[in-house]
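Colleague: Could you take me through one part of this model up close? I'd like to hear about the largest pocket and what sits around it.

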Amino acid sequence: VDDVDGQLRSRLQAALGSDYRVGTVVGRGASSRVWDAYDVPLDRKLAVKVLLPEAGVAAGRRFRREAQLIARVRHPHVMPIYHVREHDGLSYFLMPLVKGETLRDLLSREGRLPFDEVVRILDQAAAGLQAAHEAGIIHRDVKPENILMEGSDRAVLLTDFGVARPFDTT
């Protein structure tokens, strides 16, 4: 853990309070970090996505918009958000901790996938995108890094709606 992540982790723990225990970094983006965390009252593991404080005002707006847009969608193939907050200049949201890997990691490890597996992955991703579209949202960044494969059955979860845009559904 570098100093920046260590300081950010300390700030995040202070923001979350004693109901949560912040663990280790499980994901890094250009303007954010994702930590695993433990929800003490509900006895469950979570992920906490935190905007890097130096990311800037525009990134802060995108981060809040991402949470608001995802909150519109309720679908088994779209990563839900449980909670979004800002505390002492730190913006973060809580979501499930996924046990699995990205589609990019799966493809890098296994190479070419069987045809029926590809069809299943595309079908689930398309169902999640359809739910987003029905909620008035265009993802705009669908790629293997933003598709999580959860559990032993590799259920698809779309993530990272950071550059998503709402559109008029009328």
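Modeller: Here is a walk through the pocket, then one residue of its lining, then the hairpin and the cores.

Bear in mind that this is a predicted model. The largest pocket comes out at a volume of about 910 Å³. Its lining takes in 36 residues, and the ones nearest the centre are Val34, Lys49, Asn146, Thr159 and Asp160. By type, the lining splits into 17 nonpolar, nine polar and 10 charged residues. As for where they come from, strands S1 (20-28), S2 (32-39), S3 (44-51), S5 (90-96) and S6 (100-102) each give at least two residues, and so does helix H2 (57-71). H2 makes the largest contribution to the lining, with five residues.

Let's zoom in on Asn146, one of the residues nearest the pocket centre. You'll find Asn146 in the loop that runs between strand S7 (137-138) and S8. With a relative accessible area of 6%, Asn146 falls under the 20% cut-off, so it counts as buried. Skipping neighbours within four places in sequence, Asn146 is in contact with His139, Asp141, Leu157, Leu158, Thr159 and Asp160. Two of those partners, Thr159 and Asp160, are also listed among the residues nearest the pocket centre.

Next, the strands that follow that loop. S8 (147-150) and S9 (155-158) pair in the antiparallel sense, with four bridges between them. Together S8 and S9 make a hairpin with four residues in between, and Gly151 in the turn has a positive phi of about 70°. Across the pair, Glu150 stands opposite Ala155 in S9.

Now for the nonpolar packing. The largest nonpolar core has 31 residues, and Leu103, Ile137, Met149 and Phe161 touch the most other members. Both hairpin strands feed into this core with at least two residues each, as do S3, H2, S5, helix H3 (103-110) and helix H4 (115-134). Again H2 gives the largest share, five residues of this core. So H2 leads twice: five residues in the pocket lining, and five in the core.

Take Leu103 as a sample of that packing: leaving out residues up to four places away in sequence, Leu103 touches Leu113, Ile121, Pro144, Ile147 and Met149. There's also a second, separate core of 15 residues, including Leu16, Leu46, Tyr92 and Leu94.

Terms used: Residues numbered from 1 in each chain as written. Predicted model: local features only at pLDDT ≥ 70, side-chain atom pairs only at ≥ 80, totals over all residues. Heavy atoms only, no water. 1 Å grid on protein atoms, 1.4 Å probe; cavity = no way out; pocket = protein on both sides within 12 Å on 5 of 7 lines; lining within 4 Å. Points joined across faces, edges and corners; volume = space filled by probe spheres on them. Nonpolar A, V, L, I, M, F, W, Y, C, P; charged D, E, K, R; others polar. Core = buried A, V, L, I, M, F, W, Y, C linked by side-chain atoms within 4.5 Å. Buried < 20%, exposed > 50% of the residue type's maximum accessible area, 1.4 Å probe, protein only. Contact = heavy atoms within 4.5 Å. Pairing = 2+ DSSP bridges.
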